[in-house]
Each structure stands twice: as C-alpha cells, then as structure tokens.
Amino acid sequence: MMLPELREKVLDANLEIQRQGLVLYTFGNASGIDRKSGLVAIKPSGVPYERLKAEDMVITDLDGKIVEGKLNPSSDVETHLLLYRSFPTIGGVVHTHSEFATSWAQAGQPIPCFGTTHADYFRGDIPVTDPLADEEIESDYELNTGKVILRRFKDLDPVATPGVLVSGHAPFAWGKDPSAAAHNAVLLEYIAKLAFRSRLINPQLGEVSAALLRKHYERKHGPKATYGQREQEAKAF
C-alpha cells in the first residue's frame, strides 16, 4: 500500500471534522499531499465516515490520475489538486459544509475580524469568493471552484489566511498538513459562529483595530511569536 503514513493522517483529518460536528452524513472531505512524490491522498466519494479506513483513501497524482485505490475520489478532488498546485506551502486541504461558515458563504459575505479569537488565526477578514458564472458551473465545476478561490487570493497570503468561503457554497480550509487543515476548518467554523452572534447582539459592531489584529496574529505566528513553548519543551507535553 502506497503512502501508509499519509493515508493515516488523511483518515484522521476526515474523522476529526466529523468528531467536531463539521459534517453530516457523507458531506465534506479532507486530503493531504506528499510533496516529495507529488501524490495526494483524499477521502473516497460518498463513503460514510464511520466506515472509513486508511486503505480506503484514494491516491492520485497532481493531474487527478488515480495511482492507487479501488474507490472514486471525492467529487471535490479537482479543487483540492488546484490548491496544491497553486499554494506550494500547504500540505492538507479540508472542505466542509459546517453550519455557521456555510451560512456566511451562502450569504456571500466575508467574516469580519470582530475580536482576538479571529485575529489569533486569520490575519484579517475570512474572504468570500465571487459567485461562479453559469458557464463555470456547467463545465469543469470543481476545477472552476478552485479557480474562483485563486482569483480571490490574488493579493492574499494563503498562510496568513488559511481558509475561504466559496460564495453560495461552503468553506475550504488548508494548513501545513492534514491535521493543521482540519484544525483550521474547526477554527473557521467557531469564528463564523462568534461573528454571527456578535453581529446579532450589536448590528453596528465594527472590526477590531489594526493594532489589536496585528498583536494577536503575530504573537502566535510572527517572527517574534511568544505563544506556546519552544519545540524542545513542547515535546515534554
């Protein structure tokens, strides 16, 4: 069996989004890439999460050719592959239809940064794409979903903004590996919920200051980050 370690990581990412309540039935998918070989492992289409095994993950190349696997890959595979081809720093992609993030996507609205929880993980608004044109939907829909994400990220850093809302559809998130992508998908949903409730409480609410946003993002992700433990100490926990 090819890429057994990657298969296990992708399986766990898929199970994590189910454990965290981000998917219903067979909705959603997670994938991971082995950059050395250029091969991707992704959830098979339509298989219930409770039945998933590592050997069920489908291995494709970056052009979508199935290299190993008896099942069909996720219907969103072309979106995942385009993100891997375009964002060389990412190692995992997760797509869900989680309740609050999908609500923002269906409304066609970005998620403003209303507080430090958001700023800890996303350096600015969580963006929303433009709607797909009819011709983009009718031909190569999944590939064009990836393209509309790339258009939105023309001037954005996918590391500082590890997720997006596809207008009328749902969120995609990514990270350095499948576990990080699942982590970011969970955080995106939590932030979407907080933003919805915050705006409900105060419809005139404004975004946090640029200084507070920068402080919270950089204390976790900046060159002088202070959050957490140094690597050698962290291994003890």
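Which residues in H3 are buried? In this predicted model, the buried residues of H3 are Phe-100, Ala-101, Thr-102, Trp-104 and Ala-105. The elements that cover them include strand S6 (163-165), strand S7 (171-175) and H7. After H3 comes Gly-108, a residue whose phi is positive, near 70°.

**The loop before H3**

Thr-96 has its place in the loop between strand S5 (92-95) and helix H3 (99-107). Because its relative accessible area is 2%, and buried means under 20%, Thr-96 counts as buried. When residues up to four places away in sequence are left aside, Thr-96 touches Ile-17, Leu-22, Val-23, Gly-28, Thr-102, Ala-170, Pro-171 and Ala-185. Within its own stretch of the chain, the side chain of Thr-96 reaches the backbone nitrogen of Ser-98 at 3.2 Å.

Ser-98 appears again in the surroundings of Glu-189, since the side chains of Glu-189 and Ser-98 make a polar contact of 2.8 Å. Glu-189 lies in helix H7, and its contacts, not counting residues up to four places away in sequence, are Leu-22, Ser-98, Glu-99, Phe-100 and Ala-101. What is the nearest side chain of opposite charge to Glu-189? That side chain belongs to Lys-193, which is 5.6 Å away, and Glu-189 is buried yet has no salt bridge.

**Nonpolar cores**

In soluble globular proteins, side chains that are nonpolar tend to be buried together. The largest nonpolar core in this model has 21 residues, and those with the most contacts inside it are Ile-17, Ala-41, Leu-52, Met-57 and Val-94. Two or more residues of this core come from each of helix H1 (4-19), strand S2 (39-42) and helix H7 (178-201), and H1 gives the most, with 5 residues. Another core lies apart from this one and has 19 residues, among them Phe-87, Ile-90, Leu-132 and Val-164.

Ala-41 can serve as an example of a residue in the largest core. Leaving out residues up to four places away in sequence, Ala-41 touches Leu-6, Val-10, Ala-30, Ser-31, Gly-32, Met-57, Val-58 and Ile-59.

**Strand S2 and its partners**

Where do the residues of S2 point? Leu-39 and Ala-41 point one way from the strand, whereas Val-40 and Ile-42 point the other way, and all of these residues are buried. Strand S1 (residues 29-34) pairs with S2 in the antiparallel sense over 4 bridges, and in this pairing Leu-39 in S2 is the bridge partner of Asp-34. The two strands S1 and S2 form a hairpin with 4 residues between them, and in the turn Gly-38 has a positive phi of about 75°.

S2 also pairs in the antiparallel sense with strand S3 (residues 58-61), again over 4 bridges. Here Val-40 stands opposite Thr-60, a residue in S3.

**Salt bridges**

How many salt bridges does a search of the whole structure find? The search finds 7, and the table below lists some of them, with the separation of the closest N and O atoms.

| Salt bridge | N to O distance |
|---|---|
| Lys-9 and Glu-5 | 3.4 Å |
| Arg-19 and Glu-16 | 2.9 Å |
| Asp-56 and Lys-53 | 3.6 Å |

Lys-9 and Glu-5 both lie in helix H1, where they are 4 residues apart, about one turn of the helix. Lys-9 counts as partly exposed because its relative accessibility is 41%, while Glu-5 is exposed, with a relative accessible area of 58%. Arg-19 and Glu-16 also lie in helix H1, 3 residues apart, which is about one turn of the helix. With a relative accessibility of 22%, Glu-16 counts as partly exposed.

Why does Asp-56 count as buried? Its relative accessible area is 14%, and the limit for buried is under 20%, so Asp-56 is classed as buried. Its partner Lys-53, at 39% relative accessibility, counts as partly exposed. Elsewhere, salt bridges that share partners join Asp-12, Glu-16 and Arg-19 into one network.

Terms used: Residues are numbered from 1 along each chain as its sequence is written. This is a predicted model: local features need pLDDT of at least 70, side-chain atom pairs count only at pLDDT 80 or more; totals for chains, interfaces and linings use all residues. Side-chain values use heavy atoms; hydrogens and water are left out. A nonpolar core is a set of buried Ala, Val, Leu, Ile, Met, Phe, Trp, Tyr and Cys residues joined through side-chain atoms within 4.5 Å. Buried means under 20% relative accessible area, exposed over 50%, partly exposed in between (1.4 Å probe, protein chains only). Contact means heavy atoms within 4.5 Å. Lys and Arg count as positive and Asp and Glu as negative; His and the chain ends are not counted. A salt bridge is a side-chain nitrogen of Lys or Arg within 4 Å of a carboxyl oxygen of Asp or Glu. A polar contact is a pair of N or O atoms within 3.5 Å; within protein, one must be able to donate a hydrogen and the other to accept it, and residues adjacent in sequence count only if both atoms are side-chain atoms. Two strands pair if DSSP finds at least two bridges between them.
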